[in-house]
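Visitor: Pick one charged side chain and give me a close look at its surroundings, please. After that, take me on to the other charges and whatever they sit against.

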Amino acid sequence: QYTSISTQNKGAQSEVIVWPGAIITYKGKSIPVQLLKSQTMNTDAQAVNSSLNNLEYEVASSIRQITNPYRPRIAFIEGQGELGELAVQDLTQALSEQYTVSRLRLDGKVDALSVKVDGGRWRANQYEAIIIAKPDSAFSPKDQFIIDQFIMNGGKVLWAVDAMDPHLDSLRRNQFSMATPYDLGIDEMLFAYGVRINKDLLLDQQCAPIQFYAQPYGDQPQLVTKPFPFEPLVLAFGNNPIVNNIDPVHLKFASSIDTIALDSAHSTILLTTSRYTRVLRNPVRVSLAVVDMDLKLERNNNPFQKVAVLEQGKFRSAFADRLVMADSVLKELGYREWSRPTAQIFVSDGDAIANPVDLEKRTYYPLGYERAARAKIFGNREFFLNAMNYLLDDKSLISIRSRTITLHQLDPQRIQAQRT
């Protein structure tokens with residue numbers, strides 16, 4: 001893709017069109033690499049700096065992609081009202097460059113994610129990772145067991161789960177709604193893995209804008225754009241490679257996360273809200289009128305709420321001490337009480353993983369796209385790509401991406417004044 005670069009010289013402004021890219025060829029296959037990645041919100045200097053930071057990653061990732069004969073398998077889980085194919089199409093395409101991505105219904109089939117190998121003691125996973133993206137109905141106990149045993153056998157899981165239903169239809173129709181908790185049946189599972197997604201909603205002064213029709217101006221409907229505190233823009237916490245060098249991540253109706261200490265696993269906070277956050281406990285009244293209110297978030301607040309957490313280590317099965325089967329049956333199933341070393345990532349918002357969709361045209365926009373700005377300006381895509389790279393042990397790529405190079409630019413005024 002071409003890029004336009006604006007330059008000023010002796011008071012005159014010029015624009016140069018460049019195609020900054022490379023083509024990597026290996027055994028008759030070729031793939032292109034975009035070297036300069038710019039976004040509307042960035043100045044040219046910022047775009048160059050960001051691209052320099054990602055340059056080694058982009059080249060190494062492309063070399064790995066074209067030379068690696070084995071592609072790890074990822075499955076989007078279906079059957080509980082999860083996001084449809086179009087809603088996660090952008091992430092699916094991005095992941096498909098490195099992994100084999102499919103969609104899967106569990107439907108209570110014990111062998112859906114893992115199979116018992118003849119003569120083997122444990123089950124063998126058929127996928128390296130699964131993604132659970134915004135379910136809205138309960139997982140059956142059997143499906144919970146299938147996911148649990150997938151984790152016990154070393155499977156990685158990315159959970160993007162809503163705790164509260166904001167009832168958007170009522171919000172659009174009446175300008176307000178009452179948000180109520182989802183009953184997904186997975187609270188005990190997540191607790192066993194060291195996480196609790198609370199039944200609350202977060203208001204954050206650092207938030208994304210929404211567009212809505214206000215009081216008409218004369219006979220014309222008036223489209224207004226205002227910051228909406230129920231859609232926080234969350235920032236990296238610490239310097240974990242998953243969140244290093246990414247733009248703010250856009251969430252919608254997110255909840256807070258508590259971590260529970262486990263002896264065999266440890267937690268890493270990835271994303272938090274800003275200093276000016278308030279926690280609203282269930283049930284929550286959601287109103288568009290909040291855009292005009294002085295919420296006084298600088299005084300009455302609950303700062304830096306956790307919204308994305310990495311858990312890694314060994315986990316005890318969520319079904320330990322709950323199964324009433326004979327030992328011989330459990331042995332035949334290949335039931336495992338303690339997991340192999342593995343990792344999971346928990347995000348308290350299902351919409352974070354969803355790209356905007358135009359249902360009329362049956363098309364979609366990039367993950368992280370902002371309709372009001374008509375550009376991709378948020379770091380959602382990079383966050384979830386990094387998350388899957390990390391879960392699937394692409395540590396070499398992640399370590400490259402986590403490096404930071406700072407450009408020390410020359411003084412433009414001195415250059416202009418002393419150009420001779």
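Guide: Let's go to Glu 370, which is buried (under 20% relative accessible area with a 1.4 Å probe, protein chains only; over 50% is exposed, and in between is partly exposed). Glu 370 has no salt bridge (a side-chain nitrogen of Lys or Arg within 4 Å of a carboxyl oxygen of Asp or Glu). The nearest side chain of opposite charge (Lys and Arg positive, Asp and Glu negative, with His and the chain ends not counted) is Arg 371, 7.3 Å away. Bear in mind that this is a predicted model, with local features needing pLDDT of at least 70 and side-chain atom pairs pLDDT 80 or more, while totals for chains, interfaces and linings use all residues. Numbering runs from 1 along each chain as its sequence is written, and side-chain values use heavy atoms, leaving out hydrogens and water.

Glu 370 is part of strand 26, residues 369–370 (strands are DSSP E runs of at least two residues, helices H or I runs of at least four, numbered from the N terminus). Leaving aside residues up to four places away in sequence, Glu 370 is in contact (heavy atoms within 4.5 Å) with Pro 209, His 250, Ala 375, Ile 377 and Phe 378.

Elsewhere, charges do pair up: the count comes to 18 salt bridges. One of them joins Asp 351 to Lys 134, with the closest N and O atoms 2.9 Å apart. Asp 351 lies in the loop between strand 23 (342–347) and strand 24 (357–358), and Lys 134 in the loop between strand 9 (129–133) and helix 3, so the pair ties together parts 217 residues apart in sequence. Lys 134 counts as buried, at 19% relative accessibility. Asp 162 joins Lys 134 and Asp 351 in a network of salt bridges.

Next, look at Arg 322, whose salt bridge with Glu 188 has its closest N and O atoms 3.7 Å apart. Here the link runs from the loop between strand 22 (306–313) and helix 6 (327–333), where Arg 322 lies, to helix 5 (residues 187–192), home of Glu 188, 134 residues apart. Arg 322 is partly exposed at 40%, while Glu 188 is exposed at 57%.

Arg 322 also lies over the face of Phe 319, 4.6 Å from the ring centre (the rule wants NZ of Lys or CZ of Arg within 6 Å of the centre and within 35 degrees of the ring normal). Likewise, the charged end of Arg 285 sits over the ring of Phe 176, 4.5 Å from its centre.
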